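Thanks for coming. I have one structure to show today, and I will put the sequence and the model on the screen before I say anything about them.

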Amino acid sequence: MNPENMTPEQMAAMAKQQCIFCQIASGAVASRKIYEDDKVVGVLDINPANPGHVLLITKEHYVVMPQIPDDVVAHIGMVAKGISHALLRTLKAQGTTIFAANGVAAGQRAQHFMLHIIPRMENDGIGIEIPEHQISDSDYKKILKALKPGIAKAFGQEVEEEAPEEEPEKEEEVEEAEDEVTEKEEETEAEVEKEAEEEEVEEEPKVVEAEEIPEEEEVEEEEPKEKVTLEEAAKGKKKAKKQKKAKKKKTKKKKEEEPEEEEVDEERQKLDQIAGMMMGQ
């Protein structure tokens, strides 16, 4: 039968017949089932990431999550919670990683929706890591603008009216103004600090000059005073020696003169005696 001429129901039936996971869910293909009810089946993965890796499969054929009815999605979540709890208790797992590869771009390889429940241990080497990237504010706003109405519609909520674009612009203007003020304050502080440093550099030589110059002047003034004092002292000393020497000479001369006067007196006395004697005769 040509798929182009098939109805949606016929196409769904054909997809279900060809899907290996639909056959596992129905029991047509053997599997290691650990859970089953009217909506889902839980089986052990034949190529597990860790021992105890469970695939929770819907019995009806759904390729991706948006095709699944809400009640079934809620049921899947409830069953996944119970299986995760059992893995933690029975296998002594330290955690569980639960995810769905929803679409080829997300790593989906089978054309049947399933939820992976993987028991985890510390340093088990499973590389499920989510990278971190930076995003600009403008891109954030674009994403919010696109997502909010779509999410509201998906949940049957009223779409909120978008705020006028002037307000964010005003906020941006305020932020820019604040940034400018901050920059100016930082520049002013930097200028003040620079001026203070320059003043300190200029003041330092002044202080040195004020301390050194007077000392040199004092030395220069004191030196001639000391020389004059020494010269005067030398002159005074010479003068004192001369005066002492002259005094000694005078004293000596006086002493020398005194005996001569005594001799003259004695001679006079002798002459007087002789004269007296002659007169007496």
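I will go through the overall layout, then the sheet, then one strand in the middle of the talk, then the salt bridges, and finish with a pocket.

Please keep in mind that this is a predicted model. The protein has 281 residues, and 17% of them count as buried. It contains five helices and five strands. Reading along the sequence, the order is α-α-β-β-β-α-β-β-α-α.

Now the sheet. The five strands form one open sheet in the order 1-2-3-5-4, with antiparallel pairing. Strand 1 and strand 4, which covers 95-99, are at the edges with a single partner strand each, so each has one side without a neighbour in the sheet. From one strand to the next, the twist averages 20°.

Let me take the pairs in sheet order. Strand 1 and strand 2 are antiparallel and share three bridges. They make a hairpin, and three residues sit between them. If you want a residue to look for here, Glu36 has Val41 in strand 2 as its bridge partner. Strand 2 then runs antiparallel to strand 3, and five bridges join the two. In that pair, Gly42 is matched with Leu56 of strand 3. Next, strand 3 pairs with strand 5 over four bridges, again in the antiparallel sense. The residue opposite Leu55 is His116 in strand 5; both names will come back when I reach the pocket. Last, strand 4 and strand 5 run antiparallel and are joined by five bridges. Thr97 faces Ile118 of strand 5 there.

Strand 3 deserves a moment. How many of the five residues of strand 3 are buried? Five of the five are, so the strand is largely enclosed by the rest of the structure. As background, side chains in a regular strand alternate between the two faces of the sheet. In strand 3, Val54, Leu56 and Thr58 point one way, while Leu55 and Ile57 point the other way. Both sets are buried.

On to the charged side chains. In general, side chains of opposite charge can pair when their charged atoms come close. Searching the whole structure gives five salt bridges; I will show some of them.

Start at Glu36 again. Its side chain forms a salt bridge with Lys33, at 3.5 Å from N to O. Glu36 also meets Lys59 in a salt bridge, this time at 3.0 Å, N to O. That second pair links distant parts of the chain, since Lys59 lies in the loop between strand 3 and helix 3 (70-90) and Glu36 lies in strand 1 (residues 33-36), 23 residues apart.

Are these residues buried, partly exposed or exposed? Glu36 has 41% relative accessibility, so it counts as partly exposed. Lys33, with a relative accessible area of 34%, is partly exposed. Lys59 is at 23% and also counts as partly exposed.

Another salt bridge joins the side chains of Asp38 and Lys39, at 3.5 Å from N to O. Asp38 counts as exposed at 59% relative accessibility, and Lys39 counts as partly exposed at 27%. As for the earlier residues, Lys33, Glu36 and Lys59 are joined into one network by salt bridges that share partners.

The last item is a pocket. Rolling a probe the size of a water molecule over the atoms shows where empty space is left. I will talk about the second largest pocket, which holds about 590 Å³ of space. Which of its 26 lining residues are closest to the centre? They are Asp45, Leu55, Arg109, Met114 and His116. So the pair I mentioned earlier, Leu55 and His116, which stand opposite each other in strand 3 and strand 5, turns up again in that group.

Which elements supply at least two residues each to the lining? Helix 2 (20-26), strand 2 (40-44), strand 3 (54-58) and strand 5 (114-120) do. Helix 2 gives the largest share, three residues. By type, the lining residues divide into 16 nonpolar, seven polar and three charged.

That is the end of the tour, and I can put the model back on the screen for anyone who wants another look.

Note on methods: Residues numbered from 1 in each chain as written. Predicted model: local features only at pLDDT ≥ 70, side-chain atom pairs only at ≥ 80, totals over all residues. Heavy atoms only, no water. 1 Å grid on protein atoms, 1.4 Å probe; cavity = no way out; pocket = protein on both sides within 12 Å on 5 of 7 lines; lining within 4 Å. Points joined across faces, edges and corners; volume = space filled by probe spheres on them. Nonpolar A, V, L, I, M, F, W, Y, C, P; charged D, E, K, R; others polar. Salt bridge = Lys/Arg side-chain N within 4 Å of Asp/Glu carboxyl O. Buried < 20%, exposed > 50% of the residue type's maximum accessible area, 1.4 Å probe, protein only. Pairing = 2+ DSSP bridges. Axes fitted to C-alpha atoms, helices over the stretch in contact; angles between N-to-C directions.
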